[in-house]
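Me: I've got a model here and I'd like to go through some of its local details. Mind if I fire off questions as we look?

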Amino acid sequence: MPVESGSSAARQAKQKRKSHSLSIRRTNSTEQERSGLQRDVLEGQDSKLPLPLRTNLLDLFSQIEREFENLYIENLEPSHSTSQLSQKLKTTYKASTSKIVSSFKATTSRAVCQLVREYVGHRDGIWDLSVTRTQPVVLGTASADHTAMLWSIETGKCLLKYTGHQGSASGDQTAHIWRYLVQLPTPQPVADISQTPCEDDVDFSDKDDADGEAEGPADCPSLRVATTTLRSHQGVVIAADWLVGGKQVVTASWDRAANLYDVETSELVHSLTGHDQELTHCCTHPTQRLVVTSSRDTTFRLWDFRDPSIHSVNVFQGHTDTVTSAVFTVGDNVVSGSDDRTVKVWDLKNMRSPIATIRTDSAVNRISVSTNHKVIALPHDNRQVRLFDMSAVRLARLPRSNRQGHQRMVCCSSWCEENSTCNLFTCGFDRQAIGWNINIPALLQEK
């Protein structure tokens, strides 16, 4: 009995499929016959759709069927006309695309971005990096492995490792000021790196080469005791910067506040409160007593300490997601980057709306702007680093493949135009910092 029941169900299902097949194939039937057939199909199928809606859907399918039938009839005609059209299209578009390709080749032959050196030694992702503003000029990195390192820019050698923090760089809620005395090694000849064009690089592999345990530099001296320890935050200290003059420092924390300290006394001068969520970055103006802080609350704030008696603050709401960084340029501009995949350029004289907006395909992390040429370096979550000018014109994309470039999220970028070997540095979760040589004049000439 169960076998007969199963056979009956199978026959009914087969009849339904056959009926539905007929409804699609009979394109030359009259409208009356099609309507009757549709009704038969609708009655033989279980569906929660209303009957008028199902009828309308079948009518639409019939129209699609007729369109395909017309295309099929056209394809039955002699193929010589199609061949002629195809050849004409090839000839036309080949000439156009050749001009486009030639223009790209001309650009990349003169505008070159080269990976010069890799700084490898941290055991975990590198959150931040910067270059000293005074002699000797060295590269500094801060990592989630609880250490900070100083590097020789020219040789890639670790000069000093600071191990005084108890958390991820400043995860112990403190900021440390420490003095260093390093002996710069003799620069070695730069390896012959083939010139890689900025735009024509191909990502050959997504293999992560940083999965293995990286050993730190064995001969790198260590420092464990800070000269000054700044204690006032109740959360992770995520960024710090020196106020002009070098006597005060500002720190930003996940406790939603930025603190201004006196370096000599270690005393808290001002607590900059007002953000609704964790801070992500802070930056000081190179020549004026101005501070800008960014936050996960989608805003960044401008703090003015130029008048000792008045400490004004302005709030800017130009983004729709976390503002990952906001930095000053030489002059009267602020550039902000965000997880909303945009970078905005602002004029300090009129901050009501941005003067330029850069739209990207990935979240933007800690940006930097070159001093002399005002080129913006954008590190992305998708492992790319892109260069734009202040007018939002894209200049280049740094090479990234399985052989060079970052293999994980790029966290930060920092310019050092005074260095002839490397004038741009980037770091990321792949545990390495990279020094690049960017031909800025050629990039600006080609835009």
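Reply: Go ahead, but keep in mind that this is a predicted model: local features need pLDDT of at least 70, side-chain atom pairs count only at pLDDT 80 or more, and totals for chains, interfaces and linings use all residues. Residues are numbered from 1 along each chain as its sequence is written, and side-chain values use heavy atoms, with hydrogens and water left out.

Me: Which strand does Thr228 lie in, and is Thr228 buried or exposed?

Reply: Strands here are DSSP runs of E with at least two residues, numbered from the N terminus, and Thr228 sits in β8, residues 228-231. For burial, the cut-offs are under 20% relative accessible area for buried, over 50% for exposed and partly exposed in between, with a 1.4 Å probe and protein chains only. Thr228 comes in at 11%, so the call is buried.

Me: What does Thr228 touch, leaving aside its neighbours within four places in sequence?

Reply: Contact means heavy atoms within 4.5 Å. On that basis, the partners of Thr228 are Ala175, His176, Ile177, Val263 and Ser266.

Me: Which residues does the cis peptide bond with omega of about -5° join?

Reply: Most peptide bonds are trans, so a cis one deserves a look. The proline of this one, Pro136, is in the loop between β2 (126-131) and β3 (139-143). The bond joins Gln135 and Pro136.

Me: What is the phi of Thr298?

Reply: Most residues other than glycine have a negative phi. Thr298 lies in the loop between β14 (290-295) and β15 (300-307), and is partly exposed at 24% relative accessible area. Thr298 is not a glycine, yet its phi is positive, about 75°.

Me: And what is phi near for Lys374?

Reply: Lys374 is in the loop between β21 (368-369) and β22 (376-379). With a relative accessible area of 27%, Lys374 counts as partly exposed. Its phi is positive too, in a residue other than glycine, and is near 55°.

Me: How many salt bridges does a search of the whole structure find?

Reply: The criterion is a side-chain nitrogen of Lys or Arg within 4 Å of a carboxyl oxygen of Asp or Glu. The search turns up six.

Me: Which residue meets Arg306 in a salt bridge?

Reply: Arg306 is partly exposed at 48%, while its partner is buried at 16%. The N to O distance is 2.7 Å, and the partner is Asp304.

Me: How many residues apart in sequence are the parts that Lys349 and Asp332 tie together?

Reply: These two form a salt bridge with the closest N and O atoms 3.6 Å apart. Lys349 is in the loop between β19 (342-347) and β20 (356-359) and Asp332 in the loop between β17 (323-328) and β18 (333-338), so the parts they tie together are apart by 17 residues.

Me: What is the order of strands in the open sheet of four?

Reply: Pairing needs at least two DSSP bridges between two strands, and in this sheet the pairing is antiparallel, with the order β13-β14-β15-β16. The edges are β13 (279-284) and β16 (310-316), each with a single partner strand, so one side of each has no neighbour in the sheet.

Me: What is the bridge partner of Leu290 in β15?

Reply: β14 and β15 pair in the antiparallel sense over five bridges. In β15, the residue bridged to Leu290 is Asp304.
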